[in-house]
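Please open the model in your viewer, with a cartoon for the backbone and sticks ready for side chains. The tour below goes from selection to selection.

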Amino acid sequence: MTAILAIETSSAACSAALSIDGEIVERHALAPRQHASLLLPMVESLLVEAGLKVSALDACAFGRGPCSFTGVRIAASVIQGIAFAADLPVVAVSTLAALAAGGARESHQENILAALDARKDEVYCAAYRITGNGRPVLAGEEVVCTPALVVIPEDGDWVGVGSGGAAHAEVLAKSSDRIVRVMHDLEPRAHDVAAIAAVEY
């Protein structure tokens with residue numbers, strides 16, 4: 001049995017997930033500024049439901065950003081505290097990759113442009129191609145830039161996901177006619193952090 005605990009706190013949403021041999025159960029709440037108080041109860045309820053102690057886990061994972069410093073700090077401190085206490089390895093998963101995996105899961109498309117609002121008229125973004133096992137693979141690199149400078153690979157049609165599209169929809173729409181669908185309200189989730197971590201672990 002392989003059991004991985006994952007958390008994601010990079011956006012207004014807060015989530016924790018437990019992957020056991022690829023089967024994933026998640027707790028999720030849209031609760032701005034309540035992440036620190038919600039995470040540990042979420043983790044505890046997942047472990048109780050599965051009948052597991054922290055010591056029975058194989059690894060812990062978290063969304064490592066790019067995102068706000070507060071989001072990364074909460075995720076890193078909580079997961080490192082759990083992992084240190086139980087002497088477990090930690091898998092740091094790109095928040096953009098998790099967002100792309102969620103976009104692929106929801107849209108059933110393989111080419112995903114993940115973009116998160118970085119404030120100050122910029123976005124964190126990256127293009128991903130989804131492999132057969134659902135793992136997102138970078139098609140380029142993760143960047144922070146103005147929406148007008150977002151680079152979309154020339155081959156294929158792309159689905160845009162994340163808050164970056166909502167904040168800068170007009171500029172991004174002009175940047176490429178290869179974006180065939182946009183899912184502004186999709187948030188990075190621990191479900192996808194867990195799925196990626198299971199492959200990387």
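What follows is a walk through a predicted model, with a note at each stop on what to select.

Begin by colouring the whole chain by confidence: the mean pLDDT of the protein chain is 91, and 95% of its residues reach 70 or more. Among the elements of the chain, S5 has the highest mean pLDDT, at 98, whereas helix H5 (residues 169-175) has the lowest, at 62. Where pLDDT is low, the predicted coordinates should not be read in detail.

Next, select the open sheet of 5 strands, whose order is S3-S2-S1-S4-S5 and whose pairing is mixed. Its edges are strand S3 (23-30) and strand S5 (90-93), each of which pairs on one side only. If you look along the sheet, neighbouring strands are turned by 15° against each other on average, direction ignored.

Within this sheet, pick out strand S1 (residues 3-8) and strand S4 (residues 59-63), which pair in the parallel sense over 4 bridges. Show Leu-5 as sticks, and you will find that its bridge partner in S4 is Cys-60.

Now add two helices to the view. Helix H1 (residues 35-50) lies across S1, strand S2 (13-20) and S3, and runs at about 20° to S2, while helix H6 (residues 190-200) lies across S1, S2, S3, S4 and S5, running at about 135° to S1.

Return to Cys-60 and display the cysteine sulfurs. Is Cys-60 buried or exposed? Cys-60 counts as buried because its relative accessibility is 0%, and the cut-off for buried is under 20%. A search of the whole structure finds 0 disulfides, and for Cys-60 the nearest cysteine sulfur, that of Cys-14, is 15 Å away.

Select Cys-125 and Cys-145 together. Why is there no bond between the sulfurs of Cys-125 and Cys-145? The closest cysteine sulfur to that of Cys-125 is in Cys-145, at 4.2 Å, which is too far for a bond because a disulfide requires sulfur atoms within 2.5 Å. Cys-125 is also buried, with a relative accessible area of 4%.

For the last stop, select strand S10 (residues 158-161), where both faces are covered: Trp-158 and Gly-160 on one side, and Val-159 and Val-161 on the other, are all buried. Strand S6 (residues 111-117) runs parallel to S10 and is joined to it by 3 bridges, with Leu-113 standing opposite Gly-160. Strand S11 (residues 179-183) also runs parallel to S10, joined by 4 bridges, and here Val-159 stands opposite Arg-181.

Note on methods. Residues are numbered from 1 along each chain as its sequence is written. This is a predicted model: local features need pLDDT of at least 70, side-chain atom pairs count only at pLDDT 80 or more; totals for chains, interfaces and linings use all residues. Side-chain values use heavy atoms; hydrogens and water are left out. Two strands pair if DSSP finds at least two bridges between them. Axes are lines fitted to C-alpha atoms, for helices over the stretch in contact, and angles run from 0 to 180 degrees between N-to-C directions. Contact means heavy atoms within 4.5 Å. pLDDT is the predictor's confidence in each residue, from 0 to 100. Buried means under 20% relative accessible area, exposed over 50%, partly exposed in between (1.4 Å probe, protein chains only).
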